[in-house]
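Grab a pencil and have a look at the chain below. Try each exercise yourself before you read the solution.

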Amino acid sequence: MSRLRVIAGAAFRRGEPSEMHDLARAARSGDSAALEAMAAVLLAGVAREAPDLLAAEGVTVVPMAGHLAGTASGPAEGLARGLCIARPGWLEAPGPERLADAPAASVAGERDPVKEAATLCWPEVRGRGPVLLVDDVVRTGASLEAARLAAPAPLRERLVAAVAFRAEG
């Protein structure tokens, strides 16, 4: 079990009709209104589940890497930017970089976070406050756990994840 704290704005059932899943798909296709709506859901989830994070000083927000080398995860960069706009004291910074392709969550069966961690490299993340790793949708949490495992030990202690949606089932 991961020691990474994962905050979810909302949840939807996989394989069932869902306005939230449709919203995530629209944001991934570049719909700016959908991205804005997802950022609001994400911020509401942080406010509800992590008031301590809202009160923390020096929060650094970083987007999760995508599954393909050199990419960000879906609209993660836009979500990170949206959180920093909504929380002016928060700082946006580069997140982990994907050095080699990893299995996509939507098509992968059992995934090995330890193996996937070898495909990620973290840049230096300055400061001493919490580091908020942002993603759009989480299913198993394997990629987020891989990012935690790939992080240097001092960073790992500061790392918290926030996702707009948790896909269940």
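Here come four short exercises, each with its solution.

This is a predicted model, where local features need pLDDT of at least 70, side-chain atom pairs count only at pLDDT 80 or more, and totals for chains, interfaces and linings use all residues. Residues are numbered from 1 along each chain as its sequence is written, and side-chain values use heavy atoms, with hydrogens and water left out.

**Exercise 1.** Work out how many helices and strands the chain has, and in what order they come.

Step 1: Pick out the DSSP runs, numbered from the N terminus: helices are H or I with at least four residues, strands are E with at least two.
Step 2: Count them up, and you get seven helices and seven strands.
Step 3: Read from the N terminus on, and the order is β-α-α-α-β-α-β-β-α-β-β-α-α-β.
Step 4: Now check the overall packing. The radius of gyration (taken over C-alpha atoms) is 15 Å, close to the 15 Å that the globule rule (2.2 Å times the number of residues to the power 0.38) gives for 169 residues, so the chain is as compact as a globular protein of that length.

**Exercise 2.** Find out which residues of helix 6 are buried.

Step 1: Get the cut-offs straight: buried means under 20% relative accessible area, exposed over 50%, and partly exposed in between (1.4 Å probe, protein chains only).
Step 2: Go to residues 142-150, which make up helix 6.
Step 3: Tick off the buried ones: A142, S143, L144, E145, A146, A147 and R148. That's seven of nine residues, so helix 6 is mostly covered.
Step 4: For the bigger picture, 43% of the 169 residues of the chain count as buried.

**Exercise 3.** Describe the surroundings of A8.

Step 1: Locate A8 in strand 1, which covers residues 5-13.
Step 2: Check its cover: A8 has 9% relative accessibility, so A8 counts as buried.
Step 3: List its contacts (heavy atoms within 4.5 Å). Leaving out residues up to four places away in sequence, A8 touches G45, R48, E49, V163, A164 and R166.
Step 4: Zoom out to the chain: of the contacts with a separation of 6 or more, 79% are between residues 24 or more positions apart.

**Exercise 4.** Decide how many disulfides there are, and whether C84 and C121 are buried or partly exposed.

Step 1: Apply the rule, a pair of cysteine sulfur atoms within 2.5 Å. The count comes to zero disulfides.
Step 2: Look at C84, which is buried at a relative accessible area of 12%.
Step 3: Turn to C121, which is partly exposed at 37%.
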